[in-house]
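Open the model in your viewer and keep the sequence panel beside it. The stops below go from the whole chain to single residues.

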Amino acid sequence: SSLSCFSITPPPRFSLPSFSIRAMTSHIVGYPRIGPKRELKFALESFWEGKSSAEELKQVAADLRFSIWKQMAEVGIKYIPSNTFSYYDHVLDTTAMLGAVPPRYGWNGGEIGFDVYFSMARGNASVPAMEMTKWFDTNYHYIVPELGPDVKFSYASHKAVEEYKEAKALGLDTVPVLIGPLSYLLLSKPAKGVDKSFSLLSLVEKIVPIYKEVVAELKAAGATWIQFDEPSLVLDLEALQLQTFTNAYSELESSFSGVNILIETYFADVPIQTYKALTSLKNVAGFGFDLVRGTRTLNFLKSGFPSDKYLFAGVVDGRNIWANDLAASLCILQVLEGIVGKDKVVVSTSCSLLHTAVDLVNETKLDKEIKSWLAFAAQKVVEVNALARALVGQKDQAFFASNATSHASRRSSPRVRNENVQRAVVALKDSDHRRATSVSARLAAQQKKLNLPILPTTTIGSFPQTIGLRKVRREYKAKKITEYDYVNAMKEEISKVVKLQEELGFDVLVHGEPERNDMVEYFGEQLSGFAFTVNGWVQSYGSRCVKPPIIYGDVSRPRAMTVFWSSTAQSMTRRPMKGMLTGPVTILNWSFVRNDQNRHETCYQIALAIRDEVEDLERAGINIIQIDEAALREGLPLRKSEQPFYLEWAVQSFRITNCGVKNTTQIHTHMCYSNFNDIINAIINMDADVITIENSRSDEKLLSVFHEGVKYEAGIGPGVYDIHSPRIPSTEELADRINKMLAVLDNRVLWINPDCGLKTRKYSEVEPALRNMVAAAKLIRTQL
Ligand code: GLN
Ligand code: ZN
């Protein structure tokens with residue numbers, strides 16, 4: 001089956017509202033694809049499990065695209081995006097478009113279908129998936145293209161054109177969105193075994209011809225605008241990278257006649273050199289900038305913007321859920337008009353709305369006042385249009401007035417401010433918050449107490465969340481079962497997980513986190529200053545979504561959050577039970593944060609709350625406490641100049657949580673990413689006793705840092721197998737990986753664990769995988 005949508009019966013054409021003819025200036029960079037109630041997730045998972053057909057999946061996808069286009073058209077958006085839908089990931093879609101399928105997936109040419117596509121995304125019985133990594137500084141993950149000098153690029157997925165035609169058949173001339181050639185190459189990695197001298201950028205000559213084919217086909221289909229997303233332009237580009245960009249677009253230029261080209265940037269402002277190169281491009285009709293995160297763009301614009309081009313002004317925040325301050329935005333837009341000329345400003349979102357929640361109308365349980373402060377993707381579309389209309393003199397007074405009222409209510413609401421918390425944060429500023437002894441001295445003290453074998457085995461925390469388990473939690477939440485029954489069910493689950501780990505031979509146990517729906521939401525629900533949505537889902541990778549809490553006020557911890565579960569679990573075993581907490585930086589980075597207070601201020605508040613919990617756990621006799629900082633790296637600002645400050649307060653926040661514990665209490669942390677080489681000093685500076693870290697999907701890239709002689713004395717557990725895939729690794733394979741690690745790491749510091757938590761896996765996968773993992777550790781112990 002192919003990815004095309006030919007089999008879909010087209011729904012009727014829309015009738016567009018009359019004002020859309022005059023509201024000429026609104027644009028949306030991209031839109032969430034998962035659906036207001038995660039329809040795509042359920043369709044994908046049912047298809048993957050063989051419970052529904054490819055046709056059924058395609059129908060759900062087509063229905064979702066239809067309703068998105070319909071909403072934007074009815075609101076009156078002028079430039080409506082297409083090809084922002086994806087069955088898994090838009091970078092993988094680009095890999096498919098370019099025919100850059102790694103040979104191991106056995107693709108023999110022709111249009112790329114579901115089989116090859118989903119094998120690349122998820123692996124299959126015989127081949128692991130391609131690597132996945134974070135999309136810039138977001139919590140969205142993309143599939144990393146693997147390229148080498150031998151890749152034979154070909155136009156192998158016509159999805160962009162098909163989506164364009166699909167919308168066209170509905171009466172809409174959409175703007176097809178492509179990831180531009182520079183960003184595509186910069187998001188790629190060299191394929192395994194490729195010579196070190198190979199440069200990814202050298203492939204630009206080979207991919208540009210494919211882009212030309214796509215552009216030609218889109219033009220032939222009637223496209224009047226094409227959007228090239230080049231978010232990499234906001235990075236600190238080297239001269240060669242910028243030159244590659246300029247070359248690529250000069251080369252593409254010949255195909256740009258007869259169609260308007262928009263180059264869209266987002267997530268930060270572009271550096272001034274890049275701004276100059278970008279706005280010097282001749283055959284391009286418009287440039288898009290993120291005016292929410294890009295605070296310097298306004299100055300750049302003042303210093304010069306080509307008179308015949310459109311400015312796509314991203315004033316509506318695509319990364320957050322707060323209602324736009326319409327009056328303030330309108331002011332900015334008017335200033336921009338003064339700079340670039342009337343009718344040259346197109347009102348837009350700061351980036352794709354992929355990174356915000358889908359639709360506020362489904363939030364029936366949210367507090368009314370808080371709800372009035374918010375706007376999700378569907379509401380942001382309305383805001384963009386309202387601003388665009390206001391700019392051409394069609395201001396909707398009532399809409400602007402109610403927006404002003406909700407902003408005033410948020411500014412003055414007593415639920416936002418807590419004086420005690422504010423004072424505690426101010427008091428933090430006089431100390432370094434560091435444990436008194438060195439990590440090696442602490443590890444020695446801990447070993448005396450814990451008496452662990454060499455290469456200790458552990459897991460990252462969660463065990464599979466079965467349907468039964470989720471049901472119990474749901475029913476308890478809906479008050480269908482009593483607290484007593486709920487607690488008993490959880491205890492039973494914990495006892496099962498404890499017994500399993502004892503049977504498998506683990507050294508450090510976990511309770512399995514059965515009481516947690518999500519590692520951030522669970523804590524947010526028990527902290528003050530957080531609000532929750534029912535359907536505020538954001539895609540994380542493939543069918544996986546997260547529902548970030550909303551931090552709206554000062555954060556504090558009214559009572560202990562995990563002590564009962566951890567001490568209950570500890571009482572079931574004589575082996576050490578790890579207490580399991582989410583760290584402040586991760587809570588911050590995986591929440592929708594306040595935009596009325598600095599991020600670091602909010603982070604310190606969370607750190608103080610987690611510190612209370614750490615100390616309560618220690619008092620309750622928990623000797624190992626893991627404080628997950630899964631998302632520390634992804635909060636790293638994209639621009640180098642902003643990174644030191646972030647790392648300083650992020651690392652400080654982590655240390656605040658545990659600087660007060662005894663030497664004998666072992667602090668673990670866990671991180672969900674592999675490219676930590678550039679922040680290794682910050683990680684060492686966190687001063688944790690043991691770090692477990694994702695590793696297996698990136699060919700032990702992270703281990704290379706230890707070759708370079710970094711002085712690293714803490715314990716470390718680089719994941720030995722990929723938990724994102726259903727594949728079960730063999731004992732031999734795992735032993736092999738462990739040996740590779742021992743080639744670079746001292747056997748006294750190495751821990752053996754999977755890449756991440758197991759909550760999304762099935763017991764039928766987890767049990768044999770863990771059994772093999774413990775067996776591999778035991779085998780190697782005998783060989784040391
Ligand atoms: N302790 C968490 C778990 O195991 C960590 C998850 C994560 O790192 N994303 O689920
Ligand atoms: Zn993880």
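**The whole chain**

Begin with everything selected: of the 784 residues in the protein, 50% are buried. This is a predicted model. Its secondary structure comes to 27 helices and 20 strands. Turn the view along the principal axes, and the C-alpha atoms fill a box of roughly 75 × 60 × 50 Å. The radius of gyration is 26 Å, which agrees with a compact globule of 784 residues, for which a value near 28 Å would be expected. Among contacts with a separation of 6 or more, 81% join residues 24 or more positions apart.

**The annotated N-terminal span**

Select residues 26–338 next. An unreviewed UniProt entry annotates this range as "domain: Cobalamin-independent methionine synthase MetE N-terminal". The span is 41% helix and 12% strand, and its end C-alpha atoms lie 18 Å apart.

Within that selection, pick Arg38, in the segment before helix 1 (39–48). Its phi is near 60°, a positive value in a residue other than glycine. Most residues other than glycine have a negative phi. Arg38 counts as partly exposed because 18 other C-beta atoms lie within 10 Å, while a buried residue would need 20 or more.

**Ligand 1 and its shell**

Now centre on ligand 1. How many residues surround ligand 1? The shell holds 13, and the closest are Ile460, Gly461, Ser462, Ala630 and Gly757. By class, the residues around ligand 1 are 6 nonpolar, 4 polar and 3 charged.

**The annotated binding site**

Select His670, Cys672, Glu694 and Cys756, the positions that the unreviewed UniProt entry gives for the feature "binding site". These four are spread over 87 residues of sequence yet cluster in space, with a largest C-alpha distance of 8.2 Å.

Take the two cysteines one at a time:

- Cys672 is in the loop between strand 18 (666–671) and helix 24 (680–685). Cys672 is classed as buried because 23 other C-beta atoms lie within 10 Å. Setting aside residues up to four places away in sequence, Cys672 touches Ala630, Glu694 and Cys756.
- Cys756 is in the loop between helix 26 (731–742) and helix 27 (763–783). Cys756 is also buried, with 24 other C-beta atoms within 10 Å. Beyond its neighbours within four places in sequence, Cys756 is in contact with Ile460, Cys672, Glu694, Gly719 and Ile723.

Two of these contacts lead back to the ligand stop: Ala630, touched by Cys672, and Ile460, in contact with Cys756, are both among the closest residues to ligand 1.

**Helix 18 and what follows it**

Move to helix 18, residues 483–504. Its 22 residues reach 31 Å from first C-alpha to last, close to the 32 Å expected at 1.5 Å a residue. Which residues of helix 18 are buried? Colour Ala489, Met490, Glu493, Ile494, Val497, Val498 and Gln501. An α-helix has 3.6 residues a turn, so residues three or four places apart point the same way. To see part of what covers the buried residues of helix 18, show helix 17 (467–477) and helix 20 (563–570).

Step off the end of the helix to Gly505, which follows helix 18 and has a positive phi near 95°. Continue to Glu513, in the loop between helix 18 and helix 19 (521–524). Glu513 has a positive phi of about 55° although it is not a glycine. Is Glu513 buried or exposed? Glu513 is buried, with 24 other C-beta atoms within 10 Å.

**A second helix to compare**

Select helix 22, residues 599–619. This helix has 21 residues and reaches 31 Å between its end C-alpha atoms, close to the expected 30 Å. Just after helix 22, Gly621 takes a positive phi of about 90°.

**Across the model**

For the last stop, select Thr405 in helix 14 (residues 397–412). Thr405 is exposed, with 11 other C-beta atoms within 10 Å. Draw a distance from Thr405 to Ile494, one of the buried residues of helix 18. The two are 89 residues apart in sequence, and their C-alpha atoms are 49 Å apart. Set that beside the binding-site positions, which are spread over 87 residues of sequence with a largest C-alpha distance of 8.2 Å.

Definitions and conventions:
Residues numbered from 1 in each chain as written. Chains lettered and ligands numbered in written order. Predicted model: local features only at pLDDT ≥ 70, side-chain atom pairs only at ≥ 80, totals over all residues. Near = placed C-beta within 6 Å. Nonpolar A, V, L, I, M, F, W, Y, C, P; charged D, E, K, R; others polar. UniProt positions renumbered as here; feature names shortened; annotations may be inferred. Helix = DSSP H or I, 4+ residues; strand = E, 2+ residues; numbered from the N terminus. Buried ≥ 20, exposed ≤ 12 C-beta atoms within 10 Å, placed from the backbone. Contact = placed C-beta atoms within 7 Å. Rg over C-alpha atoms; globule rule 2.2 N^0.38 Å. Expected span 1.5 Å × (residues − 1).
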